[in-house]
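Here are my comments on the model you sent, set out as numbered points. Please read them with the sequence and the coordinates open beside you.

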Amino acid sequence: MKNYRREMLRIVMLLFSLCFMTNVFAQRERNDIYLFDCTKSMKGYQGRTPDIWNESCNYLKNDITTRENGSTITVVPFTGEKYNPAPITFQRSSFDWNKIKAELDKLVDGNPTNNEMRSSWDLGVKLLYNKKDNYFFLLTDGDDNCKGTDELCKRIRNWCSLNNRSYAYYVMLTSHARNN
């Protein structure tokens, strides 16, 4: 009887410790934020830039489809300094690409604008979730030609130094971005 109680106590202690360990080893939910360039240059503006619009949209769509259903996803389209549209936030399980693509197409087909990434970055930072792993993807074909890419890089470096379990990726979609 004494051995039985001892074994039962060990099993209860094991189960009790496993309950705490699952919290330690459980994967945190993801929060993906895509800052997506919707300036006219993405469609090949005046022959100075290549048309990468459809390819970039397909990349965005395909990347979103790889996320797990529990992920929160936000697409923050950016254009010029004076006009940045509202972000599009959804759960991965309710992803409707046709709706998102229609919104993005309206923006890129609008008037030519500068490439102003800083305000989109600042908006994206407001979309952080402390209890989730946050991933920022800045997708662009050029530099910030309003305040300069150096200003944007300062923001990114500062943000990265202050935010644990958050990651930022600055993706230059063409070699043209690097040449400017």
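Which residue forms a salt bridge with Lys 106?

1. The partner is Glu 103, and the closest N and O atoms of this salt bridge with Lys 106 are 3.1 Å apart. Please bear in mind from the outset that this is a predicted model, and that the distances quoted here are computed from it. Lys 106 and Glu 103 are 3 residues apart in helix 3 (residues 97-108), so that about one helical turn separates them. Lys 106 is exposed, with a relative accessible area of 56%, whereas Glu 103 is partly exposed, at 37%. As general background, side chains of opposite charge can pair when their charged atoms come close.

2. Other charged residues are linked in a wider arrangement, since salt bridges that share partners join Arg 30, Asp 32, Asp 63 and Arg 67 into one network. Within this network, the side chains of Asp 32 and Arg 30 meet at 2.8 Å, N to O, and Arg 67 forms a salt bridge with Asp 63 in which the closest N and O atoms are 2.7 Å apart. Asp 32 is buried, with a relative accessible area of 0%, and both Arg 67 and Asp 63 are buried as well. A search of the whole structure finds 6 salt bridges.

3. As for the overall architecture, the protein contains 6 helices and 5 strands, which follow one another along the sequence in the pattern α-β-α-β-β-α-α-β-α-β-α. Of its 180 residues, 37% are buried. When contacts between residues at least 6 apart in sequence are considered, 75% of them join residues that are at least 24 apart. The protein exposes about 11,000 Å², and carbon and sulfur atoms supply 52% of that area.

4. The nonpolar interior deserves a paragraph of its own. The largest nonpolar core has 21 residues, and those with the most contacts inside it are Phe 36, Trp 53, Leu 60, Ile 64 and Leu 104. Two or more residues are given to this core by each of strand 1 (30-37), helix 2 (53-65), strand 2, helix 3 and strand 4 (133-140), and the largest share, 5 residues, comes from helix 3. Leu 104 illustrates how these parts meet: leaving aside neighbours within four places in sequence, Leu 104 is in contact with Phe 36, Cys 38, Trp 53, Leu 60, Val 75, Pro 77 and Trp 97. There is also a second, separate core of 11 residues, which includes Leu 35, Val 76, Phe 78 and Met 117.

5. Within strand 2, Thr 74 is worth inspecting. Is Thr 74 buried or exposed? Thr 74 is buried, because its relative accessible area is 1% and the cut-off for a buried residue is under 20%. The side chain of Thr 74 makes a polar contact with the side chain of Thr 89, at 3.0 Å. Not counting residues up to four places away in sequence, Thr 74 touches Asp 32, Ile 33, Tyr 34, Pro 87, Ile 88, Thr 89 and Leu 127; among these, Asp 32 is the buried residue whose side chain meets that of Arg 30 in a salt bridge.

6. The loop between strand 2 (72-78) and strand 3 (88-91) contains Ala 86. Ala 86 is exposed, with a relative accessible area of 58%. Although Ala 86 and Val 75 are 11 residues apart in sequence, their C-alpha atoms lie 9.1 Å apart in space.

7. Finally, please look at helix 4 (residues 118-125), whose buried residues are Arg 118, Ser 120, Trp 121 and Gly 124. These buried residues cover an arc of only 160° around the axis, and they therefore sit on the same side of helix 4. Ser 119, which is also found in helix 4, is partly exposed, with a relative accessible area of 29%. Ser 119 and Gly 80 are 39 residues apart in sequence, and the distance between them in space is 9.5 Å, C-alpha to C-alpha.

Terms used: Residues numbered from 1 in each chain as written. Predicted model: local features only at pLDDT ≥ 70, side-chain atom pairs only at ≥ 80, totals over all residues. Heavy atoms only, no water. Helix = DSSP H or I, 4+ residues; strand = E, 2+ residues; numbered from the N terminus. Buried < 20%, exposed > 50% of the residue type's maximum accessible area, 1.4 Å probe, protein only. Contact = heavy atoms within 4.5 Å. Areas by Shrake-Rupley, 256 points an atom, 1.4 Å probe, with all protein chains shown as cover. Arc of directions from axis to C-beta. Polar contact = N/O pair within 3.5 Å; in protein donor to acceptor, adjacent residues only side chain to side chain. Salt bridge = Lys/Arg side-chain N within 4 Å of Asp/Glu carboxyl O. Core = buried A, V, L, I, M, F, W, Y, C linked by side-chain atoms within 4.5 Å.
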